[in-house]
Amino acid sequence: MIFDILTLFPEMFLSPLEESILGKACEEGLITVNLINIRDYAEGRHRVTDDYPYGGGKGMIMKPEPIIRGIKAIRSQHTETRVILMTPQGSPLRQEVAKRLAQLSRICLVCGRYEGVDERVRDFVHEEISIGDYVLTGGEVAALVVIDAIARLIPGVLGDKGSSEEDSFSQGLLEYPQYTRPREFEGRKVPEVLLSGDHQTIEQWRRREALRRTWERRPDLLAKTELSKEDQELFDELKGSSGTR
Ligand code: 6GU
């Protein structure tokens, strides 16, 4: 997967892409992130990339020409590129969106800054994505979120650290509680069932706890998830014993 990032702040991407799993994915060539400064496409001695809003109002708007020239330069070399504008007005990033995007070969993420981008930029992008209902100072951190969510779905990126198919959301449920050593910490014990070695009982416990957690914290997710007959039985057990925790 190749990402072309159009941004006024390419350096914001450097250390997140050098560390840990993303760092390794870059090193191994499983993902490539090209950082392109929008200012390189601005004209004039001062290479201005923003201007006052027509009609008045607070803040500055990113000028259309540098961004659109940048998009055109990328698309003219790589016609298959999917162009995505990062904006709080975009459609919400969800696991299914990340899965769809992970199938592509090349994605250009356009990072807006300031109070937004000139509306005419929208005619040159395929889609718009938001990472949630809150406002960031710019699209850069959101673009990193998109890169991370996609990268970990690319075969080889997670390695033996586990398959992404069992993650929260992939199955429509939150994850079950996890423990490691010690068996007891400040009076807090690891649930006995996890020490039992009985894999079937452990599986069932985990599934029930995943259902419990989702029901308690994200009933909206549960409403969208199809429960198997077994899940429905575990879920009914939970509801029968609510409060026992
Ligand atoms: Cl993509 N950009 C900005 N500036 N704020 C956001 C966002 C994006 N997604 C959520 N909030």
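Let's start with one pair of residues: Val83 stands opposite Cys108 in β6. Keep in mind that this is a predicted model.

So much for the pair; now the strands around it. Strand β5 covers residues 82–92, and strand β6 covers residues 106–111. The two pair in the parallel sense, over 5 bridges. What connects with them in a β-α-β unit? Helix α4, residues 95–101. Together, β5, α4 and β6 make a unit that is right-handed.

β5 has another partner to look at. Strand β7, residues 127–130, runs parallel to β5, and 5 bridges join them. One position to find on screen: Pro92 has Ser130 in β7 as its bridge partner.

A general point while we are on strands. In a regular strand, side chains alternate between the two faces of the sheet.

Now the cysteines. How many disulfides does the model have? The count comes to 0. The cut-off is a pair of cysteine sulfur atoms within 2.5 Å. Take Cys26. Its nearest cysteine sulfur belongs to Cys111, 15 Å away, and Cys26 is in no disulfide. Next, Cys111. For Cys111 the nearest cysteine sulfur is that of Cys108, at 8.7 Å, and Cys111 is in no disulfide either.

Buried or exposed, where does Cys111 fall? Cys111 counts as buried, because its relative accessibility is 0%. Cys26 is partly exposed, with a relative accessible area of 25%.

To close, back to Cys108. Cys108 sits in β6, opposite Val83, and its sulfur is the nearest cysteine sulfur to that of Cys111.

Note on methods: Residues numbered from 1 in each chain as written. Predicted model: local features only at pLDDT ≥ 70, side-chain atom pairs only at ≥ 80, totals over all residues. Heavy atoms only, no water. Buried < 20%, exposed > 50% of the residue type's maximum accessible area, 1.4 Å probe, protein only. Pairing = 2+ DSSP bridges. Helix = DSSP H or I, 4+ residues; strand = E, 2+ residues; numbered from the N terminus. Right-handed = clockwise from strand over helix to strand, strands pointing away.
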